[in-house]
Amino acid sequence: MAPLLNINGLCKSFGGVIATDDVNLDVQKGEIHAIIGPNGAGKTTLIAQLSGALRPDAGTVTLNGSDITHKPAYARAKLGITRSFQITSLVMGMTVIDNVALAVQANDGHSFKFIKPARKIHRIRDKAMKSLEKVGLNTRANDLVSALSHGEHRQMEIAVALASEAELMLLDEPMAGLGAAESAKLVDFLTGLKGQRTILLIEHDMDAVFALADRISVLVYGRIIATGLPSEIRANKAVRHAYLGEE
Amino acid sequence: MDYTLLFVQVLNGLQLGLLLFLVASGLTLVFGILDFVNLAHGSIYMIGAFICASLTFVLGNFLWAVLVALPLTGIVGYALERIVARNLYDKDHLDHVLGTFGLVLVLDTSAHILWGPAGITVPLPLWLDGQVELFTGAVIPVFRLLIIGTGLTVATGLFWLVNYTRLGMLIRAGASNRTMVSALGIDIQTLFALVFALGAMLSGLAGMLIAPITGANIGMGGQIIITAFVVIIIGGIGSMKGAFIAAIIIGLIDTLGRSFLDTLFTLIMNENAAETAAPAVSAMMIYILMAVILAVKPQGLFPPKVR
Amino acid sequence: MNNLTKVGWVTVMGMIALAILPPYFLLTGQAFYMDLATRLVILGIAAVSLNLILGFGGMVSFGHAAFIGLGAYAVGIPSYHATWGGFDLIASYNGLLHLVLALGVSALFALITGAISLRTKGVYFIMITMAFGQMAFFLFQSLDVYNGDDGLTIDVRSELPFINLDSPMQLYGLSYISLVIAMLLVKTIVNSRFGMVLQGAKGNNERMVTLGYNTYLYRLAAYVISGVMCGYAGFLLGNFTTFISPDMMHWTRSGELMFMVILGGAATAFGPVLGSSVFILVEEILSSFTIFWHLPFGLMLIGVVLFIRGGLMGLFKGKGK
Ligand SMILES: Nc1ncnc2c1ncn2[C@@H]1O[C@H](COP(=O)(O)OP(=O)(O)OP(=O)(O)O)[C@@H](O)[C@H]1O
Ligand SMILES: [Mg+2]
């Protein structure tokens with residue numbers, strides 16, 4: 001089966017730092033593919049190149065068989081890629097529901113529509129509300145994003161990613177800064193998404209990774225040193241040495 | 001084509017470019033280190049000119065006046081930093097623009113009150129007032145050569161400052177990053193005030209140098225500041241090298257455009273049309289240049305490092 | 001919950017005052033105040049239009065006075081040629097032609113300068129819009145046909161159907177209604193899907209792009225809308241002052257326009273109008289005391305920037321909740 005996402009020979013460096021070093025990776029449709037690796041391994045940089053926020057120095061990114069390497073970020077979103085941010089990135093001055101509604105609206109044709117009040121378009125508002133319900137934020141729908149807690153911001157990142165209905169979700173450390181209970185809830189939630197969405201999951205929380213992932217790739221110093229089933233990765237000597245051994 | 005005229009105009013363009021560089025370097029310095037947009041930079045240029053003009057009459061000699069006016073302008077800059085600018089650093093660029101716009105009104109009106117509405121002409125000492133003939137037909141005022149010489153000297157000094165000193169290291173690092181600066185054990189408050197004063201002196205010097213040619217007058221600051229902005233946009237805001245190159249380019253294009261564009265235009269259109277079009281186009285030329293450069297390089301020729 | 005917030009009350013009362021007071025002054029023989037109010041309302045339209053991109057879109061345009069100037073010259077130039085001959089294509093007193101010209105030229109200028117300026121961000125955007133504004137200033141300064149620096153007197157105002165712009169009352173009426181429409185227009189746009197994208201891009205552009213919005217295009221559209229509205233204000237201003245000069249486009253005019261928006265309160269419906277009102281009144285009062293009124297005015301400007309967060313409307317909001 002052709003992979004949903006194919007990454008081929010991707011390279012990116014910042015000055016002297018090689019953040020992505022000849023990365024090759026396939027993500028199959030419907031799988032949760034986790035990427036683990038120590039701090040500074042280049043995980044976020046990889047995601048940024050997939051979402052279009054950063055231009056790679058070399059290599060190609062292919063989605064559903066078509067080359068998207070040179071497509072700008074907004075065009076990739078239209079093709080079905082969404083990302084969540086490691087460091088919460090929301091429109092702070094807007095309400096929770098407005099934020100999520102913007103994600104829904106992005107898939108509702110162009111937005112050069114000047115007359116009808118956006119908040120009165122039930123088609124969009126309802127979908128946004130559903131996403132909020134799924135992550136349990138519906139009661140805070142009308143609060144300003146800036147008034148929410150860190151944990152709630154993390155949930156919103158997920159709600160926004162859900163609402164965009166993208167086929168491929170790139171999640172950058174969704175559990176970062178969450179308590180054990182909150183993390184467990186999120187793991188349950190992502191488990192529920194299995195099969196519906198394809199997820200490239202970056203996560204430091206190993207319990208979460210091994211609970212969720214269908215396959216795992218290990219990124220160290222910008223290079224993928226191993227890819228395989230969770231059991232294979234657990235058993236892999238090089239991985240244990242380079243990464244898991246540290247814990 | 002009259003090559004002698006061309007030569008003379010190139011020197012004039014160089015002179016304008018160097019003056020622009022003096023103003024723009026201060027602007028880009030203050031922005032590069034303090035992340036501060038200062039509209040009042042042009043007013044300091046004007047104040048430098050006025051102080052120097054008054055001192056020329058008090059001291060009886062233009063050169064002495066410049067020497068005394070320089071530190072005075074520095075002190076004005078220092079005071080402005082302490083009283084106004086410092087309180088704006090934490091705010092956004094829009095607030096910088098509005099606050100220093102207020103400062104422009106205050107400074108320009110103060111100059112109006114202190115020195116009157118008419119402006120002051122500044123006499124030169126005899127030996128500077130003459131002209132030299134560089135070669136047959138190319139007659140250049142001595143003073144213009146002095147401006148060019150001073151401009152080049154100051155530019156050299158600034159390059160040394162930026163490339164070989166600790167202050168310069170901070171500038172090149174794009175040191176609007178305050179934590180980094182303080183991590184280096186530098187008293188930021190003092191550093192900022194000194195940078196501001198240095199910028200003021202550079203701008204003031206430009207005003208003093210132009211004063212014997214155009215006189216010191218109220219409107220001069222508002223005019224130069226825009227061109228200086230164009231210079232640092234084209235050069236890349238925060239880049240000293242960019243400011244220098246852009247200033248010279250703009251000085252040359254503006255001067256040559258104003259003197260030769262109508263001749264050029266007569267090649268492609270009739271004389272009447274050329275006479276109307278040339279001033280209009282030459283008035284817009286530096287902006288068109290800016291637009292073209294930014295369309296290709298939105299951050300200018302020498303974009304600052306990541307900030 | 002109150003049907004009308006405190007801010008809402010201020011808006012309604014302010015707009016009622018603007019509807020009633022100036023005609024009252026005119027009818028009681030105090031034409032001077034009517035003049036003042038007309039200028040204030042016209043600049044209010046310009047401020048409202050700037051607020052769309054500055055307040056709601058986060059685009060700090062420092063060159064908006066250029067649009068006022070273009071709108072005004074769109075009245076002056078055809079009218080000049082209709083009187084003195086030449087340029088047959090546009091020589092006319094026809095107000096509809098003036099209007100079409102004002103809006104069209106503003107749109108074109110906004111499209112071109114916006115397309116370039118919006119490729120930049122932050123300080124670059126502030127400075128480049130300022131530079132483009134100055135470009136327009138220098139262009140008209142260099143046009144000797146229209147007296148360059150000295151400006152152009154408009155001998156005959158735009159001739160419009162149903163409205164006689166020579167009548168101060170009718171001119172004010174048109175300006176006032178235009179202001180109301182401009183405010184409603186901005187409010188509608190801001191609340192529309194387009195407006196949500198605009199505000200989202202102001203708050204977090206990266207997020208919006210990641211969601212799939214080509215924010216550049218949305219911003220450009222907003223910039224053009226704002227420029228056209230401002231050009232319309234220029235059309236009215238030209239007809240009001242009957243004297244136009246490059247000075248209308250000078251960067252300090254753009255600065256004043258920005259100040260009106262910030263003074264009144266950016267991203268509020270009535271803020272720009274309140275700002276332009278206070279601005280014009282303070283200017284009028286100060287300048288009646290001293291020719292050096294720019295000095296206290298500049299100090300006031302600095303004070304506002306340092307101490308009044310959210311502008312004057314912010315004062316009402318603070319206590320409302
Ligand atoms: N914009 C940038 N400019 C310069 N260097 C960068 C930039 N972004 C990332 N880097 C460097 O690239 C390397 C990879 O960074 P990246 O953020 O991708 O790591 P990461 O695996 O996501 O780390 P973490 O687990 O801490 O999130 C690091 O050395 C980082 O310092
Ligand atoms: Mg990361």
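# Chatting about chains A and C

User: Hi! How many salt bridges does the rule find across the interface of chain A and chain C?

Analyst: Two salt bridges turn up across the interface of chain A and chain C. Do keep in mind that this is a predicted model.

User: Cool. Which residue of chain A does C:Arg207 form a salt bridge with?

Analyst: The partner of C:Arg207 is A:Glu157, and the closest N and O atoms of that salt bridge are 2.7 Å apart.

User: And which elements of chain A give two or more residues to the side that touches chain C?

Analyst: Those are α2 (73–78), β6 (81–84), α3 (96–105), α4 (122–135) and α5 of chain A.

User: What kinds of residues are on that side of chain A?

Analyst: The side of chain A that touches chain C has 20 nonpolar residues, along with nine charged and four polar.

User: How many residues are in contact, counting each chain?

Analyst: On chain A there are 33, and they are in contact with 25 residues of chain C.

User: How many residue pairs are in polar contact there?

Analyst: The rule gives 16 residue pairs in polar contact across the interface of chain A and chain C, with both residues at pLDDT 80 or more.

User: What area do the two chains bury between them?

Analyst: Chain A and chain C bury about 2600 Å², and 62% of that is on carbon and sulfur atoms. On the chain A part, A:Tyr74, A:Phe112 and A:Phe114 supply 22% of the area buried against chain C, more than any other three residues.

User: Why give an area at all?

Analyst: Because the size of an interface is often given as the accessible area lost when the parts come together.

User: New topic: how many disulfides are there over all chains?

Analyst: The count is zero.

User: Is B:Cys52 buried or exposed?

Analyst: B:Cys52 is buried, since its relative accessible area is 0% and the cut-off for buried is under 20%. A:Cys11, at 22% relative accessibility, counts as partly exposed.

User: Last thing: which residue in the loop between α5 and β7 of chain A should I look at?

Analyst: Try A:Glu165, which sits in the loop between α5 (150–163) and β7 (168–172). Its phi is near 55°, a positive value in a residue other than glycine. A:Glu165 is partly exposed, with 47% relative accessible area.

User: What about C:Thr242, where is that one?

Analyst: C:Thr242 is in the loop between α9 (215–241) and β2 (243–244) of chain C. Although C:Thr242 is not a glycine, its phi is positive, about 50°.

How values were computed
Residues numbered from 1 in each chain as written. Chains lettered and ligands numbered in written order. Predicted model: local features only at pLDDT ≥ 70, side-chain atom pairs only at ≥ 80, totals over all residues. Heavy atoms only, no water. Helix = DSSP H or I, 4+ residues; strand = E, 2+ residues; numbered from the N terminus. Buried < 20%, exposed > 50% of the residue type's maximum accessible area, 1.4 Å probe, protein only. Disulfide = S-S within 2.5 Å. Contact = heavy atoms within 4.5 Å. Buried area = accessible area lost by both parts, 1.4 Å probe. Salt bridge = Lys/Arg side-chain N within 4 Å of Asp/Glu carboxyl O. Polar contact = N/O pair within 3.5 Å; in protein donor to acceptor, adjacent residues only side chain to side chain. Nonpolar A, V, L, I, M, F, W, Y, C, P; charged D, E, K, R; others polar.
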